[in-house]
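Here's a small set of exercises to work through with the viewer open. Each one starts with a task and is followed by a solution in steps.

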Amino acid sequence: MSRNPWMWWVRRANRPVDVRPWALLRISLACAVLFDQLQMWAVGMSGVAYQLFEYGGLAGFHRPQYWLLDGGPMAAPMLWGLWMVCMACVALGVATRPAILIGVLAYAQLGHLFPTGDRGVDRLVRTVLLMLMFTNAHRCYALGNVLRRRARLRTTAGWATDVLHLLLVLVYMAAGFMKVPEAAWWLGSGAPMLYRILTDPMASYLNGENPIYRNFWPLFRVAGWVTVTWEVCSPVFLTRYARWWGLVGITMHVGIAITMKLGMFSYGMLSLYLVVMSSFLLPWIERAEARLGWWRGETDLSSGQGPSLRYDPVSEGTASE
Amino acid sequence: MVGFFFLCAGTPGTRSLTPKFLKRNRKTIHAKAGVLAPVLVGLIEANFQYRVPISKHFLKVQSVFRIAQNWGLYGAGPKRMRRLQISIDGEPVYLTNDPALRWRAPQLTHRKIRPLPDTMTIKAEAFNWTGFSRWVLNEARADFPEATEVSVVAIFRDHAVNAERRIHHGRRARAPDWSWEHLGPGGVRVEAPEVEADEP
């Protein structure tokens with residue numbers, strides 16, 4: 001560590017990290033949003049949910065921050081269309097930064113129009129998309145590179161990785177601290193916490209009226225202890241053990257995807273782990289790139305973006321890279 | 001700078017950690033968190049002493065992007081099982097999480113739509129009833145043109161082994177005027193309950 005704390009901070013914030021996990025995060029987040037919204041469109045609900053009440057909308061109220069109150073019945077569907085086009089551009093890497101800005105604005109406006117449906121994961125996705133705008137993720141695995149014949153960037157500043165880790169810490173710690181004051185997760189006499197969550201008919205697939213699940217109450221209780229401990233101890237994400245801690249998080253989100261009806265939530269959260277697990281992921285990316293030679297053609301390792309960050313198992317091991 | 005903005009404007013889980021929360025829950029926190037209580041109290045105090053005043057300056061920008069967050073990840077789970085049941089002429093056609101009653105289930109279980117039935121099963125007078133009940137009526141009359149009655153009710157059941165399902169509240173519309181009337185416990189018609197806000 002440098003003797004000058006400010007210089008240490010500046011060096012740390014600007015240290016180059018491999019941009020490829022960030023590019024994959026950009027693609028997967030945009031795809032998760034697209035998939036979620038196309039699913040909603042397929043069941044015929046986007047036109048009803050994203051509409052003012054006077055034009056047949058579902059929501060009985062909207063936020064005053066919705067700008068298109070006088071826009072007529074076509075304003076919301078056009079906003080939705082704009083959002084989808086922007087997300088497609090983000091996924092493809094075409095005009096990525098403007099697409100993120102416009103897409104997030106449209107996404108937020110539709111959230112103000114239909115606040116009931118704007119969930120925590122939507123807010124998290126918007127936050128991370130905005131963060132992506134300040135990284136070099138738009139210049140990696142991007143169709144824009146091919147169209148504009150420009151070199152792919154290999155690195156981005158490390159602060160974004162740190163902020164993402166911190167965001168995960170805050171999300172999980174908040175969730176953990178919400179659970180701590182509740183008796184049911186510890187040795188409460190009633191139904192265990194995880195049982196109550198996983199048999200909530202509104203959000204889960206398990207049928208709580210089936211007595212067979214009551215036989216597994218001890219298992220649910222132990223799993224609840226693990227969940228709360230893992231969430232409250234999530235500052236581990238700020239250490240070099242982040243990737244190991246992340247393995248538990250991935251297991252939890254895969255479990256949520258299987259047992260609960262939360263749609264994009266699991267996929268959105270799992271996308272963030274592409275950056276957390278980057279040290280595990282990079283050897284796989286190297287191998288995949290070696291096979292897909294055409295991506296190599298897009299790569300310019302001498303593009304002046306700091307040292308190449310080819311996977312190096314010797315130096316591998318920090319939380320941020 | 002960007003990190004600082006996100007930390008102040010978009011910090012998840014801190015919106016509900018107010019002085020009022022601390023005043024109400026100080027004893028509970030000490031009783032439940034034990035040795036961790038001072039850490040918790042310190043974090044909550046730091047939140048409203050330092051972060052909240054700064055975040056107020058970011059409010060206008062934050063609300064444009066709608067990035068302020070509050071994470072519970074289901075807390076400790078609901079204390080009872082709540083379901084929404086839709087019936088046409090007294091015959092149930094939809095019941096939450098029932099594989100046999102799936103009328104409009106793909107729509108009602110989409111993650112963006114699911115919060116509507118969820119809030120309505122919690123509150124008899126949730127704001128969402130207005131638009132939702134209109135949508136249900138339109139869809140029901142399109143699919144069942146001969147129908148004379150449509151009802152939407154919240155069904156509760158405790159976690160106890162022999163607990164029974166019971167109608168907690170709901171609404172019913174009848175031909176020919178199809179105006180909605182309120183239902184109370186057991187599905188009995190009641191006067192409209194007092195309006196309670198379900199949005200902050």
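**Exercise 1.** Work out whether Arg150(A) is buried, exposed or partly exposed, and find where Arg150(A) sits in the chain.

*Solution.* Keep in mind that this is a predicted model.
- Start with the neighbour count: Arg150(A) has 14 other C-beta atoms within 10 Å.
- Now apply the cut-offs: 20 or more would make a residue buried, and 12 or fewer would make it exposed. Arg150(A) therefore comes out as partly exposed.
- For its place, look at the loop between α7 and β2 (155-157) of chain A.
- One more distance to check in the viewer: the C-alpha atoms of Arg150(A) and Arg139(A) are separated by 8.6 Å, with the two positions 11 residues apart along the chain.

**Exercise 2.** Check whether the end-to-end distance of helix α5 (residues 96-113) of chain A agrees or disagrees with its expected span, then find what its buried residues pack against.

*Solution.*
- The helix has 18 residues, and at 1.5 Å a residue it should span 26 Å.
- The C-alpha atoms at its ends are 25 Å apart, so the two values agree.
- Next, pick out the buried residues of α5(A), among them Ile100(A), Val104(A), Tyr107(A) and Leu110(A).
- Those buried residues pack against α4 (75-92), α6 (120-133) and α7 (143-147) of chain A, and also against α3 of chain B.

**Exercise 3.** Find which residues of the largest nonpolar core touch the most other members, and which helix gives the most to that core.

*Solution.*
- The core holds 124 residues, and the ones touching the most other members are Leu110(A), Val128(A), Leu164(A), Leu168(A), Val171(A) and Leu272(A).
- Helix α8 (residues 159-179) of chain A gives the most, with 15 residues.
- Zoom in on Leu168(A): ignoring neighbours within four places in sequence, its contacts are Ser234(A), Phe237(A), Leu272(A) and Val276(A).
- As background, nonpolar side chains tend to be buried together in soluble globular proteins.
- For chain A as a whole, 48% of its 321 residues count as buried.

**Exercise 4.** Describe how domain 1 and domain 2 of chain A meet.

*Solution.*
- Set the bounds: domain 1 covers 18-147 and domain 2 covers 160-262.
- Their C-alpha centres lie 28 Å apart.
- Count the contacts: seven residues of domain 1 of chain A meet five residues of domain 2 of chain A.
- On the domain 1 side, α6(A) brings the largest share, four residues.
- By class, that side has five nonpolar, two polar and no charged residues.

**Exercise 5.** Turn to chain B: say how β1 and β2 pair, and which elements supply the side that touches chain A.

*Solution.*
- β1 (residues 81-88) and β2 (residues 91-95) of chain B are antiparallel, paired over four bridges.
- Within this pairing, Gln85(B) is opposite Leu95(B).
- Two residues lie between the strands of the hairpin, and Asp89(B) takes a positive phi near 50°.
- Now the interface: 57 residues of chain B contact 64 residues of chain A.
- At least two residues each come from α1 (2-9), α2 (19-33), α3 (37-65), β1, α4 (105-108), α5 (115-122) and α6 (129-143) of chain B.
- The class tally for that side of chain B is 25 nonpolar, 22 polar and 10 charged residues.
- To finish, split chain B into domain 1 (2-65) and domain 2 (81-190), whose C-alpha centres lie 37 Å apart.

Terms used: Residues numbered from 1 in each chain as written. Chains lettered and ligands numbered in written order. Predicted model: local features only at pLDDT ≥ 70, side-chain atom pairs only at ≥ 80, totals over all residues. Pairing = 2+ DSSP bridges. Domains from an automatic or database assignment. Contact = placed C-beta atoms within 7 Å. Nonpolar A, V, L, I, M, F, W, Y, C, P; charged D, E, K, R; others polar. Core = buried A, V, L, I, M, F, W, Y, C linked by C-beta atoms within 7 Å. Expected span 1.5 Å × (residues − 1).
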